[in-house]
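Please take a moment with the sequence and the three-dimensional view below before reading on. The paragraphs after them are meant as a guided walk for someone who has not met this structure before.

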Amino acid sequence: MKKNAMLRSESRAAYVCLAPSIIGLVFLTYIPLISVCVLGFFRWGKGAPNPIFIGLDNYRRLFTADPYFLDSLKVTLTFSLMAVVMSMIYSLFIAMLLNRKVKGRMFFRAVFYLPYVLPAMAVYIGWAWLYESNFGLFNYILSLLGLPKLRFIADSRLVVPSLALIAVWLSGNLIVIFLAGLQNVPRVYHEAAEIDGANGWQRFIHITVPSMTPIIFYNLLMSLITNMQIVTPALALTNGGPGNASTFITYLMYRYAFVSNQLGYAGAISFIFFIIIALVTALLFATSRSWIFYEGDKA
C-alpha cells in the first residue's frame, strides 16, 4: 500500500515536471499542425475575407495547376542533398582534426562552432559581400588566379550550390556532436588494429565509422530535416531568384501566404510538405537498421 502511494506521488511529480513540455508540444506543435491541415480545405485571403470551404481544390491545384510547386520541391531536395552530404563530410573531417591532441584545440573548437550561434540574417548578409559579383572576396581571389568572375547568387546554375556552401559553414553543431562521438570510440579497438598492422585509413573505415554510425544517423536526420525547411537564404539574399532557381518550398509558402495573401493555399502546401518530410524521415529510419552498429550487437 505504501509502495503504491509512493509510485503515485512520483507519477504526479513527473507529470508536473513534464507539464511545460507537454503544453508546449500541444499549443506550439500539434494544434498549429492540425490547424494548417484544416486550413488547406478552405479558400481564405485573396478574394475571400472569410474562410470558404472548397474541399480538396487546394490540394488538386498543387499537383495540376501550380507552375511553381514541383519546381520548388526539386530545388528544395537538390539543396538538401547537397547541403547534407557536404555538411556531413566537412563536419566529420573537422571533428577528427579537433579530436587530435594539438595546442589551442579548445580555441579552434570554439571557432568552428561559432558560426552556428551567429544571427542568421547577419551571416547571410556577410556572405552576400563575399559573393558580390564585382568586388566580393571570392571574385577577387578568382581574378588574382586569372579566372573569370562568377555570379554566385545571380546565376541560376550556381545559386543552389552557393547557398549549400553557406549551410556547410553553419554546421558547427554537427562538428560538436561528431566530436563527442569520436571521444567515445573505444581506444582498445584501435590498439588491437594497430597491432594487427592496420593503417589509419583501415582503422577509420572498419573501426571509427562503424562505431560512429548512431551519431552519423542522428546528424544525418537532423541535418536533413533542417535543410529541407530552409528559408532564410531566400529571404535574405535571393528572393527566390534568379528566376525561381532558389524558390524553396518554405519560401513558396511565405510568398503565397504573406505576399499573395492566399492563406488557405499556403496551408495546403505546408501540410503536403510536412507529409514529404515525414516520409523521408520514415524512409531513413526504415533503412537505418541495415547500417547502424551498436556496441554489443551480434555480427
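What follows goes through the aromatic rings, then two pairs of helices, and then the burial of selected residues.

The model is a predicted one, and its aromatic side chains offer a convenient place to begin. Counting ring pairs whose centres lie within 6.5 Å, one arrives at 19 aromatic pairs. In one of them, the ring centres of Trp127 and Trp169 are 5.8 Å apart and the planes stand at 65 degrees, and because planes over 60 degrees apart count as edge-to-face, this pair is of that kind. Trp127 belongs to helix α5, which covers residues 120-131, while Trp169 belongs to helix α7, which covers residues 159-169, so the pair ties together parts that are 42 residues apart in sequence. With a relative accessibility of 9%, Trp127 is buried, whereas Trp169, at 32%, is partly exposed. Both tryptophans also take part in a cluster, in which ring pairs link them with Tyr131, Phe138 and Phe152.

Rings elsewhere in the model have a charged side chain over them. Arg61 lies over the face of Tyr265, 3.7 Å from the centre of that ring, and the charged end of Arg255 is placed over the ring of Tyr68, at 5.3 Å from its centre.

Tyr265 leads on to the packing of helices, since this residue of α13 is among those that meet residues of α12. Helix α12 (residues 249-259) and helix α13 (residues 263-288) pack with their axes 8 Å apart and at an angle of about 165 degrees, and because an angle over 145 degrees counts as roughly antiparallel, that is how these two helices are related. Their crossing is left-handed. On the α12 side the meeting residues include Ile249, Leu252, Met253 and Tyr256, and on the α13 side they include Leu263, Ala266, Ile269 and Phe273. Among the buried residues of α12 are Ile249, Leu252, Met253 and Tyr256, together with Tyr251, and the cover over the buried residues of this helix includes α2, α3, α10 and α11 as well as α13. After α12 comes Asn261, which has a positive phi, near 60 degrees.

A second pair of helices is formed by α9 (residues 187-195) and α10 (residues 200-228), whose axes lie 10 Å apart at an angle of about 165 degrees. These two helices are therefore also roughly antiparallel to each other, but the crossing of α9 and α10 is right-handed. Here Tyr189, His190, Ala193 and Glu194 of α9 meet Arg203, Ile207, Thr208 and Ser211 of α10.

Is Thr208, one of these meeting residues, buried or exposed? Thr208, which is found in helix α10, has a relative accessibility of 7%, and because a value under 20% counts as buried, it is a buried residue. Once its neighbours within four places in sequence are set aside, Thr208 is in contact with Leu182, His190 and Arg203. The C-alpha atom of Thr208 is separated by 9.5 Å from that of Gly181, a residue 27 places away along the chain. Both Gly181 and Leu182 are among the buried residues of helix α8 (residues 172-182), which also include Leu174, Ile175 and Phe178. The buried residues of α8 pack against α10, and also against α3 and α4.

Key: Residues are numbered from 1 along each chain as its sequence is written. This is a predicted model: local features need pLDDT of at least 70, side-chain atom pairs count only at pLDDT 80 or more; totals for chains, interfaces and linings use all residues. Side-chain values use heavy atoms; hydrogens and water are left out. Rings of Phe, Tyr and Trp (its six-membered ring) pair if their centres lie within 6.5 Å; planes under 30 degrees apart count as stacked, over 60 as edge-to-face and the rest as tilted. Helices (H or I, at least four residues) and strands (E, at least two) are DSSP runs, numbered from the N terminus. Buried means under 20% relative accessible area, exposed over 50%, partly exposed in between (1.4 Å probe, protein chains only). A charge sits over a ring if NZ of Lys or CZ of Arg is within 6 Å of the ring centre and within 35 degrees of the ring normal. Axes are lines fitted to C-alpha atoms, for helices over the stretch in contact, and angles run from 0 to 180 degrees between N-to-C directions. Angles under 35 degrees count as roughly parallel, over 145 as roughly antiparallel, 65 to 115 as roughly perpendicular and the rest as oblique. A crossing is left-handed if the near helix is turned anticlockwise from the far one by less than a right angle, and right-handed if clockwise. Contact means heavy atoms within 4.5 Å.
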